[in-house]
Amino acid sequence: MFDFVDFLTTMFWGPDPKRVPKLTEKDNRRAAMTVRRSRTSAPPPAPLAVRNVSKSYRDGDVDRVVLRQVTHPFQPGLTLVVGPSGSGKTTLLNLLAGLDQPSSGSVEAAGKPLKYDERSLATHRRRCAVVFQDLNLVPHLCVRENVALPLLIGGEPREEALRAADEALDDVDALAWAKRYPSQLSRGQRQRVAIGRASFARTMLADEPTASLDRESAAEMMELLRKLADQGRTIVVVSHDFELASQFANEVLECRDGVLTRRPVDNATDDYPTAHASPPPAPLLEASISTTERVPLSGDIS
Ligand code: ADP
Ligand code: MG
């Protein structure tokens, strides 16, 4: 019941101190800790990073240096890597994918240096899918089976894998071709299927996904990659076509003479971290994704 006397007393003299719950010592400590943590805690580590990575290949008697002491955190969003032919773009993607090892320095996934034993690499490849230039679709499997393949290899029951494949195909507007074989598709359609197959991973690396496509299909491809990036994935795209691809990128890096340089882009998002040379933050959370887990549709990437 409304207590008029109590109301007036509170109005004029403030709340009765006997009735206001007192904070205990423990509450105070907890509050202080929360404030301290929010002031000092490092941001989550980049899903993928290179730290002081150098890569050289033996060329006859000499070591040819392709990448020199490259450090860069790849944040959620779409990062475009441009640069002249032979500048090391594919080498960088291969290192990020764990397909090749740096000569020195480290590749990091969610703040942890990549290990090159079979088990660690298998985990990394589930999280970090590569769309190769030649797409690697299996010719005697239909589109749906091609997309379900990583899930089937991961031990997913066939029915569930095919259902997840249909969802992924729907996401990339390729469900209509689910029963076709790769040879019955155009280059652009095959590209879309390969991207659908990679979309189970939180991190995607695509090498020249717009090569051999006409202008319109190339733009559609970049639009699709941007859509997938906006769903919370970290996507690194190598492209020759700066003019087109940069319109869709959150960040553009130029690879030249073994060095990565950040190029300004008009459409870069404000919250995208700056300073490509800044070292990735201290190791923290470990990203985890099972073969069956779809990427969350928000920005929760860690
Ligand atoms: P990009 O993708 O920018 O065109 P790459 O990363 O493919 O360039 O290649 C960079 C340089 O490294 C090239 O000069 C290439 O010849 C050399 N290279 C790449 N892979 C190897 C390899 N496995 N062995 C020797 N040299 C290589
Ligand atoms: Mg290349």
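**View 1. Contact between helices H5 and H7 in the predicted model.** From H5, the residues Val143, Asn146, Val147 and Pro150 touch Val193, Gly196 and Arg197 of H7. Sorted by class, this contact of H5 with H7 holds four nonpolar residues, two polar and one charged. H7 covers residues 187-198, and its axis comes within 8 Å of that of H5, with a crossing angle of roughly 30 degrees. Angles under 35 degrees count as roughly parallel, and H5 and H7 are therefore roughly parallel to each other. The crossing of H5 past H7 is right-handed.

**View 2. Packing of helix H5 against helix H6.** H5 spans residues 143-153 and H6 spans residues 158-171. Their axes lie 8 Å apart, at an angle of about 120 degrees. This angle makes H5 oblique to H6. H5 passes H6 in a crossing that is right-handed. On the H5 side the contact is made by Val143, Arg144, Glu145, Val147, Ala148, Leu151 and Leu152. On the H6 side the partners are Arg158, Ala161, Leu162, Ala164, Ala165, Asp166, Ala168 and Leu169. By class, the contact of H5 with H6 comprises eleven nonpolar residues, four charged and no polar ones. Val143 and Val147 of H5 take part here and also in the contact with H7.

**View 3. The open sheet and its strand order.** Four strands make up this sheet, in the order E2-E1-E4-E5, and their pairing is antiparallel. E2 and strand E5 (112-113) are the edge strands, each pairing on one side only. Strand E1 (residues 48-59) runs antiparallel to E2 and is joined to E2 by nine bridges. Val53 has Val70 in E2 as its bridge partner. Helix H3 packs on the sheet and touches E1, E2 and strand E4 (104-109). The direction of H3 makes about 120 degrees with that of E1.

**View 4. Helix H3 and its surroundings.** H3 consists of residues 89-97. Seven of its nine residues are buried, so the helix is largely enclosed by the rest of the structure. The buried residues of H3 are Lys89, Thr91, Leu92, Leu93, Leu95, Leu96 and Ala97. Gly98 follows H3 and has a positive phi, near 80 degrees.

**View 5. Gln69, a residue with positive phi in strand E2.** Gln69 is not a glycine, yet its phi is positive, about 45 degrees. This residue belongs to E2, which covers residues 62-74. Its relative accessibility is 54%, and the cut-off for exposed is over 50%. Gln69 therefore counts as exposed. E2, the strand that holds Gln69, is an edge strand of the sheet.

**View 6. Ser212, a residue with positive phi in a loop.** The loop that contains Ser212 connects strand E7 (203-207) and helix H8 (215-230). Phi of Ser212 is near 55 degrees, a positive value although the residue is not a glycine. Ser212 has a relative accessible area of 61% and is exposed.

Key:
Residues are numbered from 1 along each chain as its sequence is written. Chains are lettered from A and ligands numbered from 1 in the order in which they are written. This is a predicted model: local features need pLDDT of at least 70, side-chain atom pairs count only at pLDDT 80 or more; totals for chains, interfaces and linings use all residues. Side-chain values use heavy atoms; hydrogens and water are left out. Helices (H or I, at least four residues) and strands (E, at least two) are DSSP runs, numbered from the N terminus. Buried means under 20% relative accessible area, exposed over 50%, partly exposed in between (1.4 Å probe, protein chains only). Axes are lines fitted to C-alpha atoms, for helices over the stretch in contact, and angles run from 0 to 180 degrees between N-to-C directions. Angles under 35 degrees count as roughly parallel, over 145 as roughly antiparallel, 65 to 115 as roughly perpendicular and the rest as oblique. A crossing is left-handed if the near helix is turned anticlockwise from the far one by less than a right angle, and right-handed if clockwise. Contact means heavy atoms within 4.5 Å. Ala, Val, Leu, Ile, Met, Phe, Trp, Tyr, Cys and Pro count as nonpolar, Asp, Glu, Lys and Arg as charged, and the others, Gly among them, as polar. Two strands pair if DSSP finds at least two bridges between them.
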